[in-house]
Amino acid sequence: MAQSSQRISLIGAGLNGPLLALGLTERGHKVEIYERRPDMRRVRMGAGRSINLALSTRGIHALTQAGLWEQMQAIIIPMKGRMMHSVSSELTFQPYGKDESEVINSISRAELNIALMNAAESRGVQIFFQHRCRGFDLRTGELRLRDEKSGQDVTVAPDLVIGCDGSASAIRSEMLKLPRFNFSQQYLDYGYKELTIPAGADGSHLLEKNALHIWPRGNYMLIALPNIDGTFAGILFLPFDGVNSFASLPTHAAVQQFFQSRFPDVCALMPSLTANFFANPTGAMVTIKCSPWHVDQKALLLGDSAHAIVPFFGQGINCGFEDCSAFLELLDRHGTDWNRIFCEFEKARKVNTDAIADLAVENFVEMRDKVADPKFLLRKKVELALEAKYPKHFIPKYAMVTFHRVPYSTALRRGQVQDAMLSELCARLERVEDLDWSRADVLIRSELTPLELS
Ligand SMILES: Cc1cc2nc3c(=O)[nH]c(=O)nc-3n(C[C@H](O)[C@H](O)[C@H](O)COP(=O)(O)OP(=O)(O)OC[C@H]3O[C@@H](n4cnc5c(N)ncnc54)[C@H](O)[C@@H]3O)c2cc1C
């Protein structure tokens with residue numbers, strides 16, 4: 001129970017807002033969420049709804065703490081590895097982890113969002129839909145909201161405001177007006193487009209169900225994650241401009257021809273491909289870093305509003321949910337000493353959110369290009385062999401990020417050391433059986449300390 005109950009307003013009922021609201025309510029605070037969109041449980045939403053997410057250990061930990069992981073079992077599909085599709089439609093499967101316990105989970109963004117909102121409301125959180133935050137007075141702590149149904153402007157003055165309003169955060173925009181507020185945004189030259197791969201006539205999955213499918217094509221790629229209704233949510237990543245880009249596909253014929261020549265196996269499964277392609281928007285991807293994340297004891301940023309990252313490590317929401325866990329742990333220690341909580345939260349998290357931002361950009365090259373390379377596949381086998389022999393010392397970078405809660409900054413740092421080691425050990429290697437174990441032993445013992453795993 002909190003030392004004193006506070007009125008806390010959250011902006012955004014996306015994924016982080018309702019999860020955080022749950023934790024705050026359980027600690028005795030009165031929480032309301034203002035969300036600019038209509039309630040997705042009542043209104044059918046447009047593009048983006050069916051995009052699913054890869055949920056892994058950090059996200060699962062936070063959902064378990066909130067008592068929600070069990071109920072998610074009905075809406076997740078475990079993905080055991082990557083299924084690579086070559087241009088000639090050959091398949092290569094590469095497991096994600098050392099055994100079948102190391103999987104990532106495909107979950108519908110909308111279903112997850114609905115489950116979180118239901119849980120938050122059932123524990124007393126009030127969600128005001130179609131309430132857009134239009135401003136926040138950093139001096140008085142007053143929030144300005146527009147009720148988009150009535151067109152009326154409303155002002156509220158909570159004790160505390162938390163911006164869970166995503167990468168285009170209105171709360172962060174107000175902070176930008178402050179002196180010495182640091183802000184950077186870096187867009188990729190690539191966009192993404194959601195494309196659905198339908199289910200078979202009997203509702204079955206037309207591709208291997210328990211895998212994340214990748215069509216790596218050098219400087220661009222298509223990926224697909226399974227949905228529980230038998231469909232797959234495909235996402236096409238292409239440069240905005242140039243050869244093989246969104247700009248180079250202006251007509252139905254051009255899209256059809258591009259897919260037939262570059263992704264022939266999946267093209268045959270997508271009868272509505274071109275209609276889908278032109279109906280769905282092309283999204284941009286951005287990395288946002290900023291600081292400080294808070295203003296006095298009045299306002300805080302959490303999740304994508306503080307640190308949006310590109311989606312190639314599948315960590316955006318896993319990282320956001322880890323923010324929620326870290327924040328709530330600080331509340332348990334420091335009650336309502338907001339200044340201390342905000343400072344400690346940012347100190348603990350920013351170094352890690354900066355690290356996952358860099359890892360996510362780096363992983364784009366791996367996904368779209370390297371996974372098709374036999375040398376990369378051999379390197380992955382060597383990683384797993386090293387992990388099997390030195391389970392406390394050598395944990396693959398992907399595993400540190402995805403299957404453990406090792407701080408992202410540690411995963412980045414140790415990953416760089418391990419990458420250099422792997423480059424040396426794999427330089428002239430043809431088969432994992434020929435690995436120079438004595439050299440590996442020297443490298444690992446001299447350069448890696450045992451890692452505390454959680
Ligand atoms: C293509 C793609 C694939 C991804 N895949 C993965 C993945 O596999 N795994 C993973 O972990 N992450 C993934 N992510 C990242 C993940 O989607 C984000 O990290 C996550 O949604 C962030 O949650 P959030 O609650 O901070 O923000 P959001 O989910 O963006 O929610 C913000 C909410 O605030 C509301 N809002 C915004 N402005 C206002 C305002 N002014 N007033 C009121 N409400 C407002 C919005 O309507 C929204 O509901 C992916 C992202 C993309 C783009």
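Trainee: Let's start with helix α6: which exposed residues sit on the face turned away from its buried side?

Mentor: Keep in mind that this is a predicted model. Exposed here takes over 50% relative accessible area. On the α6 face turned away from the buried side, the residues that carry that label are A253 and Q257.

Trainee: And why do the buried residues of α6 end up on the same side?

Mentor: The buried residues of this helix, which spans 252–262, are V255, F258 and F259. In general, an α-helix has 3.6 residues a turn, so residues three or four places apart point the same way. Here the buried ones share a side of α6 because the arc they cover around the axis is only 95 degrees.

Trainee: What covers those buried residues of α6?

Mentor: Both strands and helices take part. Among the strands are β13 (182–197), β15 (221–226) and β16 (232–239). The helices include α7 (264–267) and α8 (273–279).

Trainee: Moving on, which residues touch the most other members of the largest nonpolar core?

Mentor: That core has 70 residues, and helix α4 (residues 109–122) gives the most to it, with eight. One of the two top residues touches I8, L10, L20, L300 and others, leaving aside residues up to four places away in sequence; that one is I162. The pair you're after is I162 and F327.

Trainee: In strand β12, what is the bridge partner of S9?

Mentor: Strand β1 (residues 7–11) runs parallel to β12 (residues 160–163), and four bridges join them. Both belong to an open sheet of six strands, ordered β8-β2-β1-β12-β19-β18. Within β12, S9 has as its bridge partner V161.

Terms used:
Residues numbered from 1 in each chain as written. Predicted model: local features only at pLDDT ≥ 70, side-chain atom pairs only at ≥ 80, totals over all residues. Heavy atoms only, no water. Core = buried A, V, L, I, M, F, W, Y, C linked by side-chain atoms within 4.5 Å. Buried < 20%, exposed > 50% of the residue type's maximum accessible area, 1.4 Å probe, protein only. Helix = DSSP H or I, 4+ residues; strand = E, 2+ residues; numbered from the N terminus. Contact = heavy atoms within 4.5 Å. Pairing = 2+ DSSP bridges. Arc of directions from axis to C-beta.
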